[in-house]
Amino acid sequence: MPVPYDLDLIFSALADPTRRAILSMLLEDDMAVSDVAAPFGISLAAISKHLVTLAAAGLIQQERRGRITWCKLDPEGMRAAAVWMRGFGQLDPLDLDDFEGSFTLEPDRSLDQMRELYDAAQRQQAERDAAGGPGIFIG
């Protein structure tokens, strides 16, 4: 039976930075609950509450294998929110690899190089705006 996706639950789950970090971790691979908890300085009980919230929103699935509970990303869980946001007509499809790369910090880059990258991104957005094409909605 398909899970009915509730936008309020989805956006509420996404509002917390710990839960967003968990989702980012699960992009890489399925993980045991104890492995999900490892990078955070909070209790296993607190992580479990975050996982329950993510599962209730339909963003992850949990599966018991023996004594271990495994978590995996549910790609369909984000679809309802993505469809809703695209309804505003201001979102281009997003290449997640490019998006992730844009936030990767490289220690050998100078401040001037980072400014150049920022300026180039601003110019590209201005060109898209001038052409009348949709851009990425941020706000």
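## A guided tour of the model

Start by selecting residues 134-139: pLDDT stays under 50 over this stretch, for which the model has 13 contacts beyond four places in sequence. This is a predicted model, and where pLDDT is low, the predicted coordinates should not be read in detail. Now move to residues 102-107, where pLDDT also stays under 50. Here the model has 0 contacts beyond four places in sequence.

**Colour by confidence**

With the whole protein chain coloured by pLDDT, you are looking at a mean of 78, with 65% of the residues at 70 or more. Which elements mark the lowest and the highest mean pLDDT? Select helix H6, residues 96-102, for the lowest, at 56. Then select helix H4, residues 44-56, for the highest, at 95.

**On to the sheet**

Next, show the strands. You will find an open sheet of 3 strands in the order S1-S3-S2, with antiparallel pairing. S1 and S2 are the edge strands, each pairing on one side only. Highlight S2 together with S3 (residues 68-73): these two strands run antiparallel and are joined by 6 bridges. For a single pair to centre on, pick Ile60, whose bridge partner in S3 is Leu73.

Keep the sheet on screen and add helix H2. H2 packs on the sheet and touches S1, S2 and S3. Line up your view with S3, and the direction of H2 makes about 90° with that of the strand. Now bring back H4, which lies across S2 and S3. Its angle to S2 is about 120°.

**A stop in helix H2**

Select Thr18, which sits in helix H2, and show its surroundings. Which residues does Thr18 touch, leaving aside those up to four places away in sequence? They are Phe40, Ile42 and His50. Draw a distance from Thr18 to His50: the C-alpha atoms are 7.8 Å apart, while the two residues are 32 apart in sequence.

**The salt bridges**

Side chains of opposite charge can pair when their charged atoms come close. The structure holds 3 salt bridges, and each is worth a stop.

Begin with Arg65 and Asp30, whose closest N and O atoms are 3.9 Å apart. Arg65 belongs to strand S2 (residues 60-65) and Asp30 to the loop between helix H2 (17-28) and strand S1 (31-32), so this pair ties together parts that are 35 residues apart in sequence. Is Arg65 buried or partly exposed? Arg65 counts as partly exposed, at 37% relative accessibility. Asp30 is also partly exposed, at 29%.

Stay on Arg65 and add Glu63. Their side chains meet in a salt bridge with an N to O distance of 3.4 Å. Glu63 has 38% relative accessibility, and counts as partly exposed.

For the next stop, select Arg79 and Glu76, whose side chains meet in a salt bridge at 2.8 Å, N to O. Arg79 is partly exposed, with a relative accessible area of 47%, and Glu76 is partly exposed at 36%. To finish, select Asp30, Glu63 and Arg65 together: salt bridges that share partners join these residues into one network.

Technical notes:
Residues are numbered from 1 along each chain as its sequence is written. This is a predicted model: local features need pLDDT of at least 70, side-chain atom pairs count only at pLDDT 80 or more; totals for chains, interfaces and linings use all residues. Side-chain values use heavy atoms; hydrogens and water are left out. pLDDT is the predictor's confidence in each residue, from 0 to 100. Helices (H or I, at least four residues) and strands (E, at least two) are DSSP runs, numbered from the N terminus. Contact means heavy atoms within 4.5 Å. A salt bridge is a side-chain nitrogen of Lys or Arg within 4 Å of a carboxyl oxygen of Asp or Glu. Buried means under 20% relative accessible area, exposed over 50%, partly exposed in between (1.4 Å probe, protein chains only). Two strands pair if DSSP finds at least two bridges between them. Axes are lines fitted to C-alpha atoms, for helices over the stretch in contact, and angles run from 0 to 180 degrees between N-to-C directions.
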